[in-house]
Structures are given as structure tokens and as C-alpha cells.
Amino acid sequence: MLSDIYTEEHRIFRETFRRFVAAEITPNADAWEESGTVPRELWLKMGEQGFLCPWIDEKYGGLGLGFEYSLIINEELIRGNGFGVGVPLHSDVAAPYLASYGCEEAKECWLPGCVTGEVVSAVGFSEPGAGSDLAAIRTTAVKDGDSYVINGQKTFITNGYYADLVVVAAKTDPQAGYKGISLILVHKDDPGFERGKKLNKMGIHMQDTAELYFTDCRVPAWRVLGEPGQGFKYMMEKLQQERLEVCIKCQVMAEECLKEGLAYARTREVFGKPVALHQANAFRLAEMATEVELGRTFLDSVVLSHLKKEDVVRRVSMAKLWLGEMVNRVAYQALQLHGGYGYMEEYRICRLYRDVRALSIFAGTSEVMKLIISRDMGLRE
Ligand SMILES: Cc1cc2nc3c(=O)[nH]c(=O)nc-3n(C[C@H](O)[C@H](O)[C@H](O)COP(=O)(O)OP(=O)(O)OC[C@H]3O[C@@H](n4cnc5c(N)ncnc54)[C@H](O)[C@@H]3O)c2cc1C
């Protein structure tokens, strides 16, 4: 069991971070939802206390801790209403590309800032014409002497509006299909790089999601991560942790929805007794609790495999598929138990319901997960 690997250090870390969230995030979450952004000072405060990229090597200013610490941060952020804080995307999705495939110059330049919060990172893969099918991206990067010149557009980029560093997927060999994709680091001050408008989303309002534009954007050749043309392979490698990070979100959001639904249904009375004590609702809550328990068991086992560095592609895809759908079912039922009050902003379930909708879409849709699983079963068209 995952709980078996937690030590006293993990417990202390969780307690410390929980107190940080209670002091710095929960009281401000409503205001950030309203303003559509999380202030930059939060990143610096988190960096100061070692809550950003805790896994980064001590050589670059990190703490050299395991993925369990990222999991703790992700869980506690959600429990404290900080679901939209873009830290897990920075710490566990974007920065790992730099650490794994960046050259020494790039790592020395930016990894310390990823730890302190002075460098906020993002991944720019999706485009207006290509999300699920990343091999179809149209952004190009053409080699010109010691530089690459990037042209194209990205959309739906989390942290996109305020990021300092973006891992951009671009075609360096457009004739070679997915084998012609490279990953390139683009800095916010690079000439020809522009952010578009902050996108107006259905939920997760505090998270800045933006379009990015590249017009003859020139970057030095050392910004290419790893080998040119290997970008698709690197994405497939790193996508497993990204999906796992989203699975954690699904599970904790489902747990929070269940908690809200149960608390409300216990206190609100209809036809002379609590909502929860009408058998239809007691059974509804029993089903929700069962789904949530199943989710936790499955998630923990996949996290354990990931920690052991086992191949988790098939099981992460299954977890992302099932948990992404499960959290939406649980959120729907939890809101239903609230009746009209669930539709009102003053009730937490209203925001939870809105926010969970993206979970079966980003980091690979449910349909794409089915594609991966069925192909793994030998079912190819
Ligand atoms: C809030 C949010 C944050 C995001 N953050 C980022 C980010 O930081 N960086 C980034 O690069 N991207 C990000 N994305 C983009 C996200 O990864 C894409 O939206 C997602 O991969 C789906 O791509 P798409 O929107 O182009 O949908 P499409 O690929 O156009 O899919 C449309 C529909 O077709 C289905 N479909 C696709 N292929 C198949 C198939 N073979 N068979 C059957 N059905 C299929 C899909 O499941 C979907 O239902 C974010 C998206 C959202 C909503």
C-alpha cells in the first residue's frame, strides 16, 4: 500500500504544507477565482519553503525528494481550494523536461529559478488544429546557423500567460511525421514570442490559460531538448507522469465532492428527514463512496509502480480514463444532492463541479486513453 511507504518526514512535510495552504491559499482562493490569476508572490513564497520542484537535484537548489512529495503537494492544494494553482504543472510536468533532456547550460540557467519560483514553466504542445493528434502539429522550427527560427501558434496553455519558460513542441523536419518533432525551450523575452489573450474558461478560473504565438522567434540551438527529432518520444515518456498527476487531481477532487455531498445531505431536511436518509440518496452516497474507494486503491497501486520506475503506460491510461470519468459522475451526484443550492456560487460544490469537467479532457482525453489501451491489447485498425 502507498501509505506503507510514508515516513515521519512525509507526515511532517504534509503538515507543514497544509498549514501553508491554510494561511496563504484558502483565504485568497475566491479572490483569485474572481481575478483569474494567482499572484506571482505565491510562487516565490512556495519556492522559499521548498514547495516547488522538491525533486530537483540539490546541485540546482532542489531538495532531491521523491514523487511522493509532489503527490502530497497536489493533494493538499486541492483540499485547500487551490486546485487552480498551476504549481503541479510546473513542478511535475514542465520542469522535468528541462531536468531530463536539457543541456547543462539550460539546466544551470533555469532549474534554480524553477525551485525558487523566479522561473514559472509551461508546456506548449496543443495547437488550434492539433490536440489529441500531436503528430499533426504545424508549428515549425527551422535551423539557421546556430539558431532555430520558430513559427506557429499554441493554445490552451496552462500557466501560459505568466510563464517565463515554455517547452514548445515544433516540427524541425516536417516531412518526417512524428519523428520530425523536437522540443525547444522558449523564454518569455525571446524576440518573436508573444502571448495571446488569457482564455475565458468554463472553470479553474484562477489558472491562467493562454494562447502563444511565435513569429520568426529566434532561439539558440542549445535550447533544443535532447536530440532533434526525438520530441515525440520524450513527450510519450513524460506524459505518463503528467497523466498520473491528473489522476491524483481526479481522485482528490472526487473525495472532496463526496465530502461536500455527504455533509450537505446529512444536514438539509426534506419531507421531514435529512436528504441523506431517504433510501434513494443513501444508496446514491453508498455508490459514490464505493467508486471513490475503488479509485483510491487503483491510483495508489499505479503511483507505487511509478515510484518503482515500472512501465505504467497501460495502467496510467486506464487510471486516467476511469478516474476522469468517475470524478465527473461523483461531482454530478454531489451537486444533485445539494438541489438548487448546488447551483449557487456560495456552495463549494458549484466550483468543484465546474472544475472537474476538464479532467477527462486535458493530458489526453478519455477517448485517447481508450485508443492507447485498445492498441496495447493488439486492437489496431
Ligand atoms: C483547461 C485546459 C488546460 C490545458 N492545458 C494544456 C497545456 O498546458 N499544454 C498543452 O499543450 N495543452 C493543454 N491543454 C490542451 C489539451 O491537452 C487538449 O485540449 C486535449 O489534448 C484535447 O485536444 P483538443 O482540444 O484539440 O481536442 P480534439 O483532439 O480535437 O478532440 C475532439 C474530440 O475528438 C475525440 N477524439 C480524438 N481522437 C479520437 C480518436 N482517435 N477516436 C475517437 N475520438 C477521438 C476527443 O476525445 C474529443 O472528444 C489544456 C486543455 C484544457 C481544457
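**View 1. Residues 7-118 of the predicted model are 66% helix and 0% strand.** The end C-alpha atoms of this span are 30 Å apart. Helices (H or I, at least four residues) and strands (E, at least two) are DSSP runs, numbered from the N terminus. In an unreviewed entry, UniProt lists residues 7-118 as "domain: Acyl-CoA dehydrogenase/oxidase N-terminal"; UniProt positions follow the numbering used here, feature names are shortened, and annotations may be inferred rather than shown by experiment. Residues are numbered from 1 along each chain as its sequence is written, and side-chain values use heavy atoms, with hydrogens and water left out. Because the model is predicted, local features need pLDDT of at least 70 and side-chain atom pairs count only at pLDDT 80 or more, whereas totals for chains, interfaces and linings use all residues.

**View 2. Residues 122-217 are 0% helix and 51% strand.** The end C-alpha atoms lie 17 Å apart. The unreviewed UniProt entry gives this span as "domain: Acyl-CoA oxidase/dehydrogenase middle".

**View 3. Residues 229-377 are 74% helix and 3% strand.** Here the end C-alpha atoms are 28 Å apart. UniProt, again in an unreviewed entry, lists the span as "domain: Acyl-CoA dehydrogenase/oxidase C-terminal".

**View 4. A shell of 14 residues surrounds the ligand.** A residue belongs to this shell if one of its heavy atoms lies within 4 Å of the ligand; the closest are Ser126, Ser132, Phe156, Thr365 and Glu367. By class, the shell holds 8 nonpolar, 5 polar and 1 charged residues (nonpolar: Ala, Val, Leu, Ile, Met, Phe, Trp, Tyr, Cys and Pro; charged: Asp, Glu, Lys and Arg; polar: the others, Gly among them). Strand E3 (147-158) and helix H12 (366-376) each supply at least two of the shell residues, and the largest share, 3 residues, comes from E3. The ligand lies between domain 2 (122-227) and domain 3 (233-376), because both give residues to the shell; the domain bounds come from an automatic or database domain assignment.

**View 5. Phenylalanine 125, serine 126 and glycine 131 each place an N or O atom opposite the ligand.** A side-chain N or O atom of serine 126 is 2.7 Å from a ligand nitrogen. Backbone N or O atoms of phenylalanine 125 and glycine 131 lie 2.9 Å and 3.4 Å, respectively, from an oxygen atom of the ligand. The protein covers 64% of the 990 Å² of accessible area that the ligand has on its own (Shrake-Rupley method, 1.4 Å probe).

**View 6. Lysine 188 forms a salt bridge with aspartate 164.** The closest N and O atoms are 3.7 Å apart.

Key
A polar contact is a pair of N or O atoms within 3.5 Å; within protein, one must be able to donate a hydrogen and the other to accept it, and residues adjacent in sequence count only if both atoms are side-chain atoms. A salt bridge is a side-chain nitrogen of Lys or Arg within 4 Å of a carboxyl oxygen of Asp or Glu.
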